[in-house]
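Please open the model in your viewer and keep the sequence panel beside it, since this tour moves from one selection to the next and says at each stop what is there.

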Amino acid sequence: MKVRNKITNTYPVAFHMSGLGKWNRLGHEIHRYSKNLKHERIPLREDVDLCFMSYGYKNKSCLENSLNQFGLSIVNLNDYVELSESDDFGQIKATKLKALKKYLETSTKKYVIGQDAGDVFFLRHPNCVVDIFEEKFNCGMLLNGETDIFPDEASPIYKRLYCRPNYEDKNSKFRFLNSGLFIAKTEFLKSIIDELIATPYLEGRQNSKDQGQFQQIYEKYYPNMQVDVNCEIFQTTVFRKRDRGKDNKFLEI
């Protein structure tokens, strides 16, 4: 099974079903199909870790169930932080980066793939993520791209980027950063993690937490931080407000 992005004519590896389910029907349909795929069980590359925070699920997260089809498991960032059963979703999100930092302090791997566990799944082996990253990207970190700005308060960041002569993604449909999926060189991630944690949230009506932090750091470190604007690796499955419910404009199975 493959899913083609009709805008970029690419076949993404990992999918992020961000947003409300009612605007994500095709994403959930693709996910249902993916559960019945038979994947060859190839070992994960020795130079990469799959780092996700899986906490609060009755059984396993969406991501863990997906990786189980490949015979793979995750480094659970939950093991690097203390959480209580009373912690709400916002509190859990706020601990992700601190847990990631503790992991990085012990890591000897070259690459890290993360970060959301509840709404992410793979159609192809995670090794493909690293292979494509090495072949097509020259940067320290690559993040998922989407068609809408979130939070709205990040809009000035893109207006400033548009004015920079080295910013090449102005006309790309999927140019807006989504922090739900990334691949990073571990050394680069180590170099920015303290700054990322110290970056204040973008205050406003939308509770963006770490995505607002990533937006601000992205502006500073571009082009060493990039967005996967052609969906070579990562694919969100919810789109601009005016396009919601029209998923088939973008993706086809």
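The stops below begin with the whole chain and then go to helices, strands, loops and cysteines.

**The whole chain**

Before selecting anything, bear in mind that this is a predicted model. Colour the protein by secondary structure, and the view should be read as 7 helices and 11 strands. If you then colour by accessibility, buried residues make up 56% of the 253 residues in the protein. Among contacts with a separation of 6 or more, 81% are between residues 24 or more positions apart.

**Helices H6 and H7**

Select residues 186-198, which form helix H6, together with residues 210-221, which form helix H7; their axes come within 10 Å and cross at roughly 125°. An angle of this value lies outside the ranges counted as parallel, antiparallel or perpendicular, and therefore H6 is described as oblique to H7. The crossing in which H6 passes H7 is right-handed.

Now show side chains at this contact: on the H6 side you will find Phe 188, Ile 192, Glu 195, Leu 196 and Ile 197, and on the H7 side they meet Gln 213, Phe 214, Ile 217, Lys 220 and Tyr 221. Sorted by class, the residues of this contact comprise 7 nonpolar, 1 polar and 2 charged.

**Helices H5 and H7**

Keep H7 selected and add helix H5, residues 155-162, whose axis is 10 Å from that of H7, the two packing at an angle of about 15°. Because angles under 35 degrees count as roughly parallel, H5 is placed in that class relative to H7. The crossing of H5 and H7 is left-handed.

Which residues make the contact of H5 and H7? From H5, select Ile 157, Tyr 158, Arg 160 and Leu 161, and from H7, select Gln 215, Gln 216, Tyr 218 and Glu 219. By class, this contact of H5 with H7 has 4 nonpolar, 2 polar and 2 charged residues.

**Two strand residues**

Go next to strand E10, residues 234-236, and select Gln 235 within this strand. Is Gln 235 buried or exposed? Its relative accessibility is 0%, so Gln 235 counts as buried. Apart from neighbours within four places in sequence, Gln 235 is in contact with Asn 5, Pro 12, Ala 14, Phe 15, His 16, Asn 144, Phe 174 and Leu 251.

Then select Glu 252, which is found in strand E11, residues 251-252. With a relative accessible area of 33%, Glu 252 is partly exposed. When residues up to four places away in sequence are not counted, Glu 252 touches Lys 2, Val 3, Arg 4 and Lys 6. A distance label drawn from C-alpha to C-alpha between Glu 252 and Leu 26 should read 9.0 Å, although these residues are 226 residues apart in sequence.

**Backbone details**

The next selections concern the backbone. Most residues other than glycine have a negative phi, and most peptide bonds are trans.

Select Gly 114 and Gln 115, which are joined by a cis peptide bond with omega about 20°; Gln 115 lies in strand E5, residues 111-115. A further cis peptide bond runs from Tyr 222 to Pro 223, with omega near 10°, and Pro 223 is found in the loop between H7 and strand E9.

Move on to Asn 9, in the loop between strand E1 and strand E2. Its phi is near 55°, a positive value in a residue other than glycine.

**Cysteines**

Select Cys 231, which is found in the loop between E9 and E10. The phi of Cys 231 is also positive, near 55°, and the residue is buried, with a relative accessible area of 0%. Select Cys 163 as well, where the relative accessibility is 67% and the residue therefore counts as exposed.

How many disulfides does a search of the whole structure find? The search finds 0 disulfides. A disulfide is a covalent bond between the sulfur atoms of two cysteines, and in this search a pair of sulfur atoms would have to lie within 2.5 Å to be counted.

Note on methods:
Residues are numbered from 1 along each chain as its sequence is written. This is a predicted model: local features need pLDDT of at least 70, side-chain atom pairs count only at pLDDT 80 or more; totals for chains, interfaces and linings use all residues. Side-chain values use heavy atoms; hydrogens and water are left out. Buried means under 20% relative accessible area, exposed over 50%, partly exposed in between (1.4 Å probe, protein chains only). Axes are lines fitted to C-alpha atoms, for helices over the stretch in contact, and angles run from 0 to 180 degrees between N-to-C directions. Helices (H or I, at least four residues) and strands (E, at least two) are DSSP runs, numbered from the N terminus. Angles under 35 degrees count as roughly parallel, over 145 as roughly antiparallel, 65 to 115 as roughly perpendicular and the rest as oblique. A crossing is left-handed if the near helix is turned anticlockwise from the far one by less than a right angle, and right-handed if clockwise. Contact means heavy atoms within 4.5 Å. Ala, Val, Leu, Ile, Met, Phe, Trp, Tyr, Cys and Pro count as nonpolar, Asp, Glu, Lys and Arg as charged, and the others, Gly among them, as polar.
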